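Visitor: I'd like a close look at one part of this protein, the stretch towards the end of the chain. Could you walk me through what sits there and what surrounds it?

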Amino acid sequence: MAKKRGGQGTPATVALEAAGVPFTVHAYEHDPAAASYGGEAAEVLGIPAARVFKTLVAEVDGTLMVGVVPVSGQLDLKALAAAVGGKRAAMAEPAAAERSSGYVLGGISPLGQRRALRTVLDSSALDHPTVYVSAGRRGLEVELAPADLITLTNARTAPIGR
């Protein structure tokens with residue numbers, strides 16, 4: 001995969017460059033009226049929704065963490081809690097997610113977050129040679145190997161999507 005540059009620098013792409021892993025940036029014109037950020041990315045980029053993953057910040061037993069699941073489904077909060085040995089999970093307040101990650105909703109990347117949070121990647125990511133996650137801005141996705149995403153986020157994999 002070739003690295004594409006050209007004014008697309010975000011904390012996520014800076015982290016990828018620093019790590020020296022192969023990745024490709026895919027930019028598209030974000031439609032503010034789009035019902036789903038990830039669904040829009042899959043449609044506009046012409047890729048299966050199962051390969052585009054959304055980054056969701058949740059709270060498990062009072063601690064913020066990240067769940068990364070295909071945009072074609074939802075985060076199973078009980079499965080996320082179980083994956084990290086927790087009991088109760090709920091979606092984080094949007095302001096807390098933005099404050100912790102340093103990104104805006106719809107552009108939260110699992111990479112280059114302001115504060116690195118414990119991360120769980122849905123195990124379905126391992127079914128694909130590459131996956132797409134937000135590059136840190138609405139209308140900007142980064143494509144990389146799931147193994148690299150796991151390494152760079154220190155993620156564990158578990159079936160957390162439904």
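Guide: Let's begin with a word we'll need: a residue is called buried when its relative accessible area is under 20%. Keep in mind, too, that this is a predicted model.

Now find helix 5, residues 146-153. Four residues in helix 5 are buried: Pro-146, Leu-149, Ile-150 and Thr-153. If you look down the axis of helix 5, those buried residues fall within an arc of 100 degrees, so they line one face of the helix. What lies over them? The cover includes strand 5 (118-122), strand 6, strand 7 and strand 8. Let's follow those strands, since they lead us into two sheets.

Start with the end of the helix. Just after helix 5 comes Asn-154, with a positive phi of about 55 degrees. Here's some background: most residues other than glycine have a negative phi. Asn-154 has its positive value although it is not a glycine. You'll find Asn-154 in the loop between helix 5 and strand 8 (156-158). With a relative accessibility of 69%, Asn-154 counts as exposed.

Past that loop, strand 8 takes us into a sheet. Five strands form this open sheet, in the order 4-2-3-5-8, and the pairing is mixed. Strand 4 and strand 8 are the edge strands, each pairing on one side only. On average, neighbouring strands here are turned by 35 degrees against each other, direction ignored. As a reminder, strands of a sheet pair through backbone hydrogen bonds, either parallel or antiparallel. Strand 5 and strand 8 pair in the parallel sense, over three bridges. To spot this pairing on screen, look for Asp-122, whose bridge partner in strand 8 is Ala-158.

While you're at strand 5, pick out Leu-121. Leaving aside neighbours within four places in sequence, Leu-121 is in contact with Pro-146, Leu-149 and Ile-150, among others. Those three are among the buried residues of helix 5. The contacts of Leu-121 also include Arg-156, Thr-157 and Ala-158, and Phe-53 and Val-68 are on the list as well.

Let's move across the sheet to strand 2 (53-60) and strand 3 (63-70). They pair in the antiparallel sense over eight bridges, and one pair to look for is Leu-56 with its bridge partner Gly-67 in strand 3. Strand 2 is mostly covered, with six of its eight residues buried. The two strands form a hairpin with two residues between them. Asp-61, in that turn, has a positive phi of about 50 degrees, and Asp-61 is partly exposed, with a relative accessible area of 44%. Strand 2 also pairs with strand 4 (residues 89-91), in the antiparallel sense, over three bridges. There, Val-60 stands opposite Ala-89 in strand 4.

Back to the cover over helix 5, because strand 6 and strand 7 are part of it too. These two belong to an open sheet of three strands in the order 1-7-6, with antiparallel pairing. Its edge strands are strand 1 (24-27) and strand 6 (131-137), each pairing on one side only. Strand 1 and strand 7 (residues 140-144) pair over four bridges, and in strand 7 the bridge partner of Ala-27 is Leu-140. Strand 7 turns up in one more place: it is part of what covers the buried residues of helix 2. In helix 2 (residues 37-45), those buried residues are Gly-38, Glu-40, Ala-41 and Ala-42.

How does this fit together inside? In soluble globular proteins, nonpolar side chains tend to be buried together. The largest nonpolar core here has 27 residues, and Val-57, Leu-111, Leu-121, Val-133, Val-142 and Leu-144 touch the most other members. Helix 5 supplies at least two residues of this core, and so does each of helix 1 (11-19), strand 2, strand 3, strand 6 and strand 7. There's also a second, separate core of 14 residues, which includes Val-60, Val-69, Leu-80 and Val-120.

One last thing, this time from a record: an unreviewed UniProt entry annotates residues 35-151 as "domain: YbaK/aminoacyl-tRNA synthetase-associated". That span is 26% helix and 31% strand, and its end C-alpha atoms lie 31 Å apart.

How values were computed
Residues numbered from 1 in each chain as written. Predicted model: local features only at pLDDT ≥ 70, side-chain atom pairs only at ≥ 80, totals over all residues. Heavy atoms only, no water. Pairing = 2+ DSSP bridges. Buried < 20%, exposed > 50% of the residue type's maximum accessible area, 1.4 Å probe, protein only. Contact = heavy atoms within 4.5 Å. UniProt positions renumbered as here; feature names shortened; annotations may be inferred. Arc of directions from axis to C-beta. Core = buried A, V, L, I, M, F, W, Y, C linked by side-chain atoms within 4.5 Å. Axes fitted to C-alpha atoms, helices over the stretch in contact; angles between N-to-C directions.
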